[in-house]
Amino acid sequence: MKDAQPRAIYLKDYQQPDYWIDTTALTFELGEESTLVTSTLNFHLNESKTHDSLPPLPLHGTDMELVSVAIDGEVIPADQYQVDKHQLMLQPKSDAFETTIVTRIKPQENTSLEGLYRSSSMYCTQCEAEGFRKITYYLDRPDVMSVFTTTVIADKEKYPVLLSNGNAIKRQELDNGRHMVTWNDPFKKPAYLFALVAGNLEFIEDSFTTMSGREVNLKIFTEAHNITKCDHAMRSLKKAMKWDEEVYGREYDLDMFMIVAVDDFNMGAMENKGLNIFNSSAVLARPDTATDAAFQRIEAVVAHEYFHNWSGNRVTCRDWFQLSLKEGFTVFRDAEFSADMNSRTVKRVEDVNLLRSHQFVEDAGPMAHPIRPDSFIEINNFYTLTIYEKGAEVVRMIHNIVGKEGFRKGSDLYFERHDGQAVTTENFVSAMEDANGVDLTQFQRWYNQAGTPVLDVSDAYDEEKQEYSLTIKQSCPATPGQNTKLPFHIPVEIGLLDGEGEPMPVTPDGKTTTVLDLKDEEQTFVFAGMDERPLPSLLRGFSAPVRLNYDYSREDLVFLMSNDEDGFNRWDSCQRLAIDVLMELVSAIQEGKELVVDTSLINAYGQLLADESLDKAMVAEMLNLPSETYLAEQMDVIDVDAIHQAREFVKQQIAAGLKDQLVDTYKKLRTDKPYQPEAADIAERSLKNTCMAYLTELDDVVGVDLAKAQYESATNMTDTMAAMGCLINASHESAAPAAKMVLAEFAEKWADDNNVMDMWFSSQAGSASTKLETVKALMEHPSYDKKNPNKMRAVVSAFCVRNLVNFHDLSGSGYEFLTDEVIRVDALNPQMAARLINPLTRWKRYDEARKELMQKALKRIQKHELSADIFEVVSKSLA
Ligand code: B3K
Ligand code: ZN
């Protein structure tokens, strides 16, 4: 370890700071060698705390050189303050005072991508969660909110664009070819929302008139070679601004809103006040460079960051245990936005897929935590699917409990009550309760208890009484530090179908769908007036983030697939059927039995293809077999080889059984319409490319020829990538030469486009047909960059997360590879290392041989000098 073992901090220890900061004035002198930061802070004593005498003032600060400290204009000699690796301790002499602190930092050498750093030719910042303390000494905690004024001084030729939060209030030419711009942000904010950008950037510009008639100037900045790829992000921003006014009554509050695209970024984007900084992969798109998925992701991320202006910035978090207050709520908001802009059911299916394949795994693993954790060692490890996606599910449940109008009343009250404050998840729930007169006391357990609840459902029909009853039992597995759980309040939306597939009334007033409020460990719900035994449609719309067991027969599932009025459950029934068939094959493989695919699955798929009245995007979703990751989730001891083999076998059988229909559908959907990233067109491309993927599974030239032809004639990146992906994935020999040719041609054409090359890398690294040696060779490719997070995600994570058979190779070579990478990256960028290591933390789920190898890998990492990030993950995984 670098220092003493990092220690956990606890929510129960939260205390307000002894001092508040009213104003923060910063001056940055950006130099080629180092940057000088001068901060002038106005403090006052926190009167709500009792003090015998003036308490000391510890300021956070790390990785910087302290040049000088002054209080109220007087320089303090070094023996009157203490400074160490993590803080600067001052002793105030009055209850209101001004500090002036000068520090020197080296952004050029900052590879952690936290604080102020360089990305290609520019300077940029990332301060959430605790990056501001790498810039200057400060009370770097979200409950300390202050008004910021920022002056940036830099060489004018190299850095003509100098940006910070708020409005530019002064510009000036200086000596030696330098210039200076001063920005002021009138809204009080915590330091994690501070941003600075300096570079030779171009921009596109637009404007938005808010609901009260104010004109807001919108700008998207990027390096010159990417300027033609910003239009989609701009359109998305304007849609998001309008939607937030219409749906939440939220208006933008500054005269200017800016987005900057940077290539080196640890996550997707950051909601800094008025100056969002984005991973270039979440902004840049042109039909020839980005897929439908990228277009949709950009729309969602732009909206997400914009929505934070209210849910996160105007009302922020009291401490980092409250992270889901802003993230869960904002993910819910962006999901609803995307649902309104595109297809609601498809969006729901995508989100539930992500949750079930990845968040459920997290919730069952060594890092499991409630959406409001009660302790952590390194907060960066808690930007998780649990905080974000499960957090959004919890907000969605509240939305469904109080209804759409009730939710709006609740959010209005929340924003009005807490504008300008740093608050807790309880404050959010209270606003919802107070605005609606509901009691969410038991519901709050969702915030404090980790783990995915399990519902076991059984039913009975009493013909004489004409009564149908559903008995639901809930339980929740133990998670680290929480052995037993209290019952959750779980809203279970259901419907009942009669023998003809018609919906039956389930409420006294004749509604065909209803929500059962499950609050006890076991509850029975009785439905009267049932003249036949119904088939239940359970957990409609995935009304709660739980696993649900009910003993459906395959016939039941096929029946629900075509008759359920709930679109989400039609998809889910199809998934359940596919899982059932696939898991039967997994057992057959393990027992060395002959493999036979149940024709009910193939027939059901055939019907989906035949029914032209269905939404094409949904058909594509239904034809997509559950991922290997999700299938792994279904097994007590994961058998990656059997899963892969079973899934490949089913794909081939489907392709063989439905070949003509697949070719037909493919041909019908081929078009030369100009590309539009609109729902209907996306749906058509998605179904067409799904058909092609099946056809390339067949050991004949039909699919390969289609894919080659599509690659050659494609007019957009969606079709190009789909064709290339099919050729890479095809396991049979006839596809190999075409795949090789296409990969070479693609790499030559797109060598200079980082984001496009990321797709080239990841489609190979994530494919089961790519062996570890090839992955290592990819990392020597001239377009690879060993320090760039997008490249690491495209190669290392794609291999370890998606290419399961090769990563889990019994030789242990995949684990060795990841171990080496984690150790290498941890020394540069701990946040990234802690993301990469994730697949190793799941070792308990594998067979003895793999368990041992994975544990050995974790122990090898543990022997190194580690960041707090990796220390926490490794020690919790081995505990
Ligand atoms: N709030 C940022 C995430 C910051 C992550 C810091 N490790 C992006 C977002 O959720 O909008
Ligand atoms: Zn967010």
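# A guided tour, starting at helix α11

Select Asp615 to begin: this residue caps the N-terminal end of helix α11, with a side-chain oxygen 3.0 Å from the backbone nitrogen of Ala617. Keep in mind along the way that you are looking at a predicted model.

**Stop 1: helix α11**

Now extend your selection to residues 616-623, which make up α11. How many of the eight residues of this helix are buried? Seven of them are, so the helix is mostly covered. Colour Ala617, Met618, Val619, Ala620, Glu621, Met622 and Leu623 to pick out the buried ones. Glu621, with its charged side chain, is on that list.

What do these buried residues pack against? Show α4 (344-363), α8 (554-563), α9 (567-590), α10 (599-610) and α15 (679-695), and you have the helices that the buried part of α11 packs against.

**Stop 2: the two domains**

Next, colour the two assigned domains: domain 1 runs over 9-306 and domain 2 over 315-448. Their C-alpha centres lie 25 Å apart. To see where they meet, display the contacts: 30 residues of domain 1 are in contact with 40 residues of domain 2.

**Stop 3: ligand 1**

With those colours still on, select ligand 1. Where does it lie relative to the two domains? Ligand 1 lies between domain 1 and domain 2, because both give residues to the shell around it.

Show that shell, and you should have 14 residues on screen; the closest are Glu128, Ala269, Glu271, Glu305 and Tyr388. By type, the shell divides into five nonpolar, four polar and five charged residues.

Three side chains are worth a distance label:

- Glu128: one of its polar side-chain atoms lies 2.5 Å from a nitrogen atom of ligand 1.
- His304: an N or O atom in its side chain is 3.1 Å from an oxygen atom of the ligand.
- Lys326: here an N or O atom of the side chain is 3.4 Å from a ligand nitrogen.

Switch on a surface next. Taken alone, ligand 1 exposes 340 Å², and the protein buries 96% of that. To see which elements contribute two or more residues to the shell, highlight β20 (269-270), α2 (292-307) and α3 (323-341).

**Stop 4: Thr151**

Move on to Thr151, which sits in strand β12, residues 146-155. Is this threonine buried or exposed? Thr151 counts as buried because its relative accessibility is 13%, and the cut-off for buried is under 20%.

Display its surroundings, leaving out residues up to four places away in sequence, and you will find that Thr151 touches Leu26, Thr27, Phe28, Met180, Val181 and Thr182.

**Stop 5: Glu872**

For the last stop, go to helix α26 (residues 868-878) and select Glu872. With a relative accessible area of 0%, Glu872 is buried.

Which side chains make polar contacts with Glu872? Asn381 does so at 2.9 Å, and Lys876 at 2.7 Å.

Asn381 also appears among the contacts of Glu872 once neighbours within four places in sequence are set aside: show Met367, Phe376, Ile377, Glu378, Asn381 and Phe382 to see that set. Finally, draw a line from Glu872 to Trp843, C-alpha to C-alpha: these two are 29 residues apart in sequence and 16 Å apart in space.

Note on methods:
Residues are numbered from 1 along each chain as its sequence is written. Chains are lettered from A and ligands numbered from 1 in the order in which they are written. This is a predicted model: local features need pLDDT of at least 70, side-chain atom pairs count only at pLDDT 80 or more; totals for chains, interfaces and linings use all residues. Side-chain values use heavy atoms; hydrogens and water are left out. Buried means under 20% relative accessible area, exposed over 50%, partly exposed in between (1.4 Å probe, protein chains only). Helices (H or I, at least four residues) and strands (E, at least two) are DSSP runs, numbered from the N terminus. Contact means heavy atoms within 4.5 Å. A polar contact is a pair of N or O atoms within 3.5 Å; within protein, one must be able to donate a hydrogen and the other to accept it, and residues adjacent in sequence count only if both atoms are side-chain atoms. A residue is near a molecule or strand if one of its heavy atoms lies within 4 Å of it. Accessible areas come from the Shrake-Rupley method with a 1.4 Å probe; for residues, only the protein chains shown count as cover. Domain bounds come from an automatic or database domain assignment.
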